[in-house]
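Let's take a walk through this structure together, one region at a time. Have the sequence and the 3D view open as you read.

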Amino acid sequence: MGRWDDPVAVARAQAIAAEIWSDYQQGELDWSLSRYKPLVEGKDPELLKALEELMLRKRQGRVTHAYRVVKRYGKPLRSKGEVAAFLSWMEAEGLAASTRSTLLSTIRSVQPGNQALAAAVVKVPHRSVQEEVLSKGEIQRVLEDLRIHEDWYYPVFAVWLGTGLRNSELIGLTWDCVRLEEGELLISKTLKRDGTATHRREWGGTKTGRSRVVPLREDLVELLREHKEQMGALGLETRRGLVFVTPISHGHLYDSGLEIVWKRSQRRVGIQPRRLYAQRHSFLSHALAMGNSPADLAAVAGHRTEQLLNTYAKPTGRVLLPNWSVDQKSFSSVE
C-alpha cells in the first residue's frame, strides 16, 4: 500500500482499517478479507472484469453502459454502505431512476451472490406510454414542419409515423423489402446498435425472430416512389441499398442524429419534445383507438396481442353497441 512515511498511504490504511472495524461491529465482517481487497487496489477488478466479459459477449448497450459507469465510479460495491453510496452517486450524476434500476440489474447479473446488491432497490415511478403519444394535430404540425425545414428527413419520419416501425427496423430498411406494387413493407432484418460502440451497427434479425408484413397507405407508397427516384438521381443503390441514409456521407442513419432532427422540429411548432420511440407509441395508440383488431395490429407491430393491449389500450369514452332492429344500423355508438 505504500511506505509508513507516506501520509497518503497511511491515510488509506487507516480508512481500510476503519471499514474493517465498522463491519466487525455490525456483524458484517468478511473474515476472508476478500471484500477489502478492492479498497487496497482502489477498484473492484472482479466486477469490472465480469462486466467487460459480458459486454463483449452480449454487445448490448445496457451492459456497455453499466461497465462504463462502474469503471468511472471506481469504487467497490461489496457492502450495503458501498452500494448505497453508489446509488446516491448515480442519482447525483443525473441518471434517471429507470436507468439506475437497469444498471443495478445488470451488475447483479454478473454477481448473483452479492447480497448487498441483491438487497438494493431503486424505486422507478410509473410512466404511462400515453405521455409519449402525440395527438393527430401535433403529428400533422410536425410533419408539415419537417416537410418545409428538414426535407431530407421528411420521408423518414413520414414513413415512421405511418408504420410504427422500431428504430433498428427503419434504419435497416432496404429497397428490396419495399413492395410498392403491393403497398407493403417486408420487415425481415434490422440494423441494430453494436452495444460496445455508440455509432456502430450490425445486421440482425427482428426482435421476435420472425418476419412480418407492414401495410402502407397510398400516400406513403407515392412518397416512397418519389424518394426512390431522388435517391437514384444521386447515384445511390435503389435495388438492395438502404432506403434512408444520411445527407452527407450517405451512410446509415443514427439514433442520435434522428433525435436531434425530431426534437428540433417539435420545438419549432411549440410541442414539448418527446423521444424517438414516441413515433411507434403514437402510431399504435391511434391505430388501436380507430378500432383495428388488436390481433391484426399486433401482427403488424411485431407484438404479442396481450402485450399490445396492456401497453396501448385505453378508454376512449365511446362504446359500439349491437342493435338488433332491422330498420336501423347494425351498430350504434354510445358516447
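Before we look at a pair of helices, one definition helps: a helix axis here is a line fitted to C-alpha atoms over the stretch in contact, and the angle between two axes runs from 0 to 180 degrees, taken between N-to-C directions. Keep in mind, too, that this is a predicted model.

Now find helix α14, which covers residues 294-301, and look at how it sits against α13: their axes come within 10 Å and cross at roughly 160°. An angle over 145 degrees counts as roughly antiparallel, and therefore α13 and α14 are roughly antiparallel to each other. As for handedness, the crossing of this pair is right-handed.

Which residues of α13 and α14 meet? On the α13 side you'll find R280, F283, L284, A287 and L288, and on the α14 side P294, L297 and A301. Sorted by class, this contact of α13 with α14 has seven nonpolar residues, one charged residue and no polar ones.

Stay with α13 a moment longer, since S282 lies in this helix, which spans residues 278-289. Is S282 buried or exposed? Its relative accessible area is 1%, and anything under 20% counts as buried, so S282 is buried. Setting aside neighbours within four places in sequence, S282 is in contact with E132, V133, L134 and I139.

That brings us to another stretch of the chain. V124 has its place in the loop between α7 (115-119) and α8 (136-149). With 42% relative accessibility, V124 counts as partly exposed, because that class takes in values between 20% and 50%. If you leave out residues up to four places away in sequence, V124 touches A97, S98 and S101. You can also check V124 against A96: the two are 28 residues apart in sequence, and their C-alpha atoms are 8.6 Å apart in space.

Finally, on to the strands. Three of them form an open sheet in the order β1-β2-β5, with antiparallel pairing. Why do β1 and β5 each have one side without a neighbour in the sheet? Strands β1 (178-179) and β5 (212-215) stand at the edges and have a single partner strand each, so one side of each is left without a neighbour there. Strand β2, residues 184-187, pairs with β5 in the antiparallel sense over four bridges. To see this pairing in the model, pick out I187, which stands opposite R212 in β5.

Terms used
Residues numbered from 1 in each chain as written. Predicted model: local features only at pLDDT ≥ 70, side-chain atom pairs only at ≥ 80, totals over all residues. Heavy atoms only, no water. Helix = DSSP H or I, 4+ residues; strand = E, 2+ residues; numbered from the N terminus. Buried < 20%, exposed > 50% of the residue type's maximum accessible area, 1.4 Å probe, protein only. Contact = heavy atoms within 4.5 Å. Pairing = 2+ DSSP bridges. Parallel < 35°, antiparallel > 145°, perpendicular 65-115°, else oblique. Left-handed = near helix turned anticlockwise from the far one by under 90°. Nonpolar A, V, L, I, M, F, W, Y, C, P; charged D, E, K, R; others polar.
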